[in-house]
There are 2 protein chains.
Amino acid sequence: MGDRREPAAPKDPSSDIFRMERPAVAVDVVLLTVLEGELQIALIKREDDPYYGKHALPGRFVRYDEPIETTARRALETKGNITTDGIYLEQLYTFGQNLVRDTRIRTISVVYCALLPSGIISGQQGHTFSWFPIGRLPPLAFDHRDIVHAAVERIRTKLLTSDIIFHLLPEEFTLSELQRACETILGRALDKRNFRKKAADVYDLQDLKLSRREGAHRPARLYRFVRLRDLTRA
Amino acid sequence: MGDRREPAAPKDPSSDIFRMERPAVAVDVVLLTVLEGELQIALIKREDDPYYGKHALPGRFVRYDEPIETTARRALETKGNITTDGIYLEQLYTFGQNLVRDTRIRTISVVYCALLPSGIISGQQGHTFSWFPIGRLPPLAFDHRDIVHAAVERIRTKLLTSDIIFHLLPEEFTLSELQRACETILGRALDKRNFRKKAADVYDLQDLKLSRREGAHRPARLYRFVRLRDLTRA
DNA sequence: GCAAAAGTGTTTGAGGTACACCCATGC
DNA sequence: GCATGGGTGTACCTCAAACACTTTTGC
């Protein structure tokens with residue numbers, strides 16, 4: 001925040017910040033999870049114009065005394081009826097070019113991307129989101145389709161240089177689950193041996209010395225994420 | 001911008017967007033240029049509290065009917081008395097967590113990064129910025145020091161995957177000038193042969209078949225940037 | 001014993017890094 | 001002729017990609 005106060009007699013009306021009309025600020029959230037082997041997004045069906053009946057990102061206006069990340073969590077809690085403790089949130093971009101995106105009022109929208117561990121959304125238990133695979137989105141309100149694609153692109157590029165994938169997995173997971181989650185996000189298959197080499201290289205994983213028996217095959221070892229390895233090699 | 005309208009009887013006060021008090025929105029700009037062989041930033045000395053006498057990023061409050069990028073250009077024009085035609089602008093991040101960053105009013109700040117071609121700032125002609133090498137910043141107001149570093153980091157990472165470097169160069173340039181600009185931003189020396197190979201690989205440069213004579217040595221060829229090559233090889 | 005997923009190494013090619021000399025000019 | 005920056009090619013090394021078989025379980 002820069003020097004925005006004028007010396008004595010402000011000629012610029014925007015310097016009289018207490019009297020000038022202010023744009024509204026909203027936060028919209030791209031909430032993603034892995035569901036049924038697909039990357040899916042939480043949407044809300046609009047019940048008002050504009051874009052009546054279309055689906056949209058969950059969003060809220062920012063209160064005067066509210067950090068914007070709190071607005072993001074509140075959007076998820078009030079629109080989706082979910083708890084946001086421990087949910088990963090990352091700011092994506094701020095949309096403030098188009099003056100008439102919201103026809104009611106000039107709105108600047110800060111978009112966040114959020115990741116929900118798989119397994120939390122099991123059925124239709126209480127939450128009010130509709131979930132859609134990002135490859136088969138319904139018609140969306142505003143420019144939300146572009147926003148969703150930008151969010152997915154961001155998550156993709158951060159996959160192997162950050163720990164975001166573990167925000168989409170349960171606490172304990174197998175290497176195959178880790179790989180499937182990555183494949184789901186990237187939208188393509190990965191080589192198993194190369195993937196495991198790379199994962200062991202960039203992630204510090206704790207071998208829990210346990211195995212999970214499921215199905216008629218060899219049980220898989222369980223792991224827990226410890227930390228990202230420092231690969232800067234400075 | 002999501003579905004923020006309530007059906008009938010809004011219990012959530014933030015839904016009554018017309019009556020609730022709104023945070024102010026500001027735009028601050030990290031304006032960078034290459035000056036005297038160093039990457040330098042334009043700062044303004046504050047003449048009010050808080051942070052009286054400290055340097056700060058040029059910034060302005062966003063007017064109700066103004067796209068935020070326009071606010072960014074207006075900040076540069078009114079604070080620095082420069083024209084912003086053709087100046088590269090890229091949104092960096094939006095700071096809205098800290099409720100008391102600006103003690104006058106709750107302010108959410110959208111930060112832009114701007115690049116000024118070298119050679120435009122020649123002396124002390126009219127503009128009111130103070131220029132500082134990013135390695136030797138004066139004490140800065142607010143958390144502007146962190147913002148500056150985030151901006152420089154962003155520019156660095158985009159160096160060889162985008163055309164931003166050409167926004168810091170004049171229209172016509174030599175390969176040595178291109179290399180020096182990159183070295184200035186990265187803060188380290190680059191190998192001349194490897195740099196030229198890489199540049200020819202990622203950039204489509206037009207050889208102007210001209211050479212610039214300067215100094216007691218072989219003249220250098222002049223080039224013009226045409227476009228980024230597509231290296232995705234899909 | 002067979003179906004089904006878990007687990008494991010080696011080879012190859014591309015791209016990045018390191019490195020030294022001749023060229024054209026001004027003085 | 002010498003000082004100054006302009007301009008060029010090769011060897012090595014690292015990392016990503018391709019690729020197939022054995023192991024352990026449930027039934």
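Two strands are taken to pair if DSSP finds at least two bridges between them. In the predicted model described here, this criterion is met by β8(B) and β10(B), which pair in the antiparallel sense over two bridges, and within this region B:F173 stands opposite B:Y223 in β10(B). The two strands belong to an open sheet of three strands in chain B, arranged in the order β8-β10-β9 with antiparallel pairing. β8 (172-173) and β9 (203-212) of chain B stand at the edges with a single partner strand each, so one side of each is left without a neighbour in the sheet.

Chain A also contains an open sheet, in which three strands follow the order β8-β10-β9 and the pairing is antiparallel; its edge strands are β8 (172-173) and β9 (203-212), each of which pairs on one side only. In this sheet, β9(A) and strand β10 (residues 220-228) of chain A run antiparallel and are joined by seven bridges, and the bridge partner of A:S211 in β10(A) is A:R221.

A helix is placed against the sheet in each chain. In chain A, α4(A) lies across β9 and β10 and runs at about 120° to β9(A), while in chain B, α4(B) lies across β9 and β10 of that chain, running at about 120° to β9(B). In chain B, helix α3 (residues 175-186) packs with α4(B) at an angle of about 100°, the axes of the two helices being 11 Å apart, and α3(B) is therefore roughly perpendicular to α4(B). To this contact α3(B) contributes B:L175, B:S176, B:L178, B:Q179 and B:C182, and α4(B) contributes B:K192, B:F195, B:R196 and B:A199; by class, the contact comprises five nonpolar, two polar and two charged residues.

The surroundings of the DNA strands draw on both chains. Around DNA strand C there are 22 residues, of which A:S176, A:K192, A:K197, A:R221 and B:N194 come nearest. At least two residues of the surface near this strand are supplied by each of α4 and β10 of chain A and α4 of chain B, and the residues of that surface divide into five nonpolar, five polar and twelve charged. Sugar or phosphate accounts for 40% of the atoms of DNA strand C within 4 Å of the protein, the rest belonging to bases. Several polar approaches to the bases are found: a polar side-chain atom of A:K192 lies 2.6 Å from a base nitrogen of DNA strand C, a backbone N or O atom of A:A216 lies 3.2 Å from a base nitrogen of that strand, and an N or O atom in the side chain of B:K197 is 3.4 Å from a base nitrogen of DNA strand C.

For DNA strand D, the residues that come nearest among the 22 around it are A:R218, B:K192, B:K197, B:A216 and B:H217, and sugar and phosphate make up 40% of the atoms of this strand that come within 4 Å of the protein. Here α4 (192-202) of chain A, together with α4 (192-202) and β10 (220-228) of chain B, each provide at least two residues of the nearby surface, which by class holds five nonpolar, five polar and twelve charged residues. Among the polar approaches, an N or O atom in the side chain of A:D191 is 3.1 Å from a base nitrogen of DNA strand D, and a polar side-chain atom of A:N194 lies 2.9 Å from a base nitrogen of the strand. The backbone takes part through A:H217, one of whose N or O atoms lies 3.1 Å from a base oxygen of DNA strand D.

Conventions. Residues are numbered from 1 along each chain as its sequence is written. Chains are lettered from A and ligands numbered from 1 in the order in which they are written. This is a predicted model: local features need pLDDT of at least 70, side-chain atom pairs count only at pLDDT 80 or more; totals for chains, interfaces and linings use all residues. Side-chain values use heavy atoms; hydrogens and water are left out. A residue is near a molecule or strand if one of its heavy atoms lies within 4 Å of it. A polar contact is a pair of N or O atoms within 3.5 Å; within protein, one must be able to donate a hydrogen and the other to accept it, and residues adjacent in sequence count only if both atoms are side-chain atoms. Helices (H or I, at least four residues) and strands (E, at least two) are DSSP runs, numbered from the N terminus. Ala, Val, Leu, Ile, Met, Phe, Trp, Tyr, Cys and Pro count as nonpolar, Asp, Glu, Lys and Arg as charged, and the others, Gly among them, as polar. Axes are lines fitted to C-alpha atoms, for helices over the stretch in contact, and angles run from 0 to 180 degrees between N-to-C directions. Angles under 35 degrees count as roughly parallel, over 145 as roughly antiparallel, 65 to 115 as roughly perpendicular and the rest as oblique. Contact means heavy atoms within 4.5 Å.
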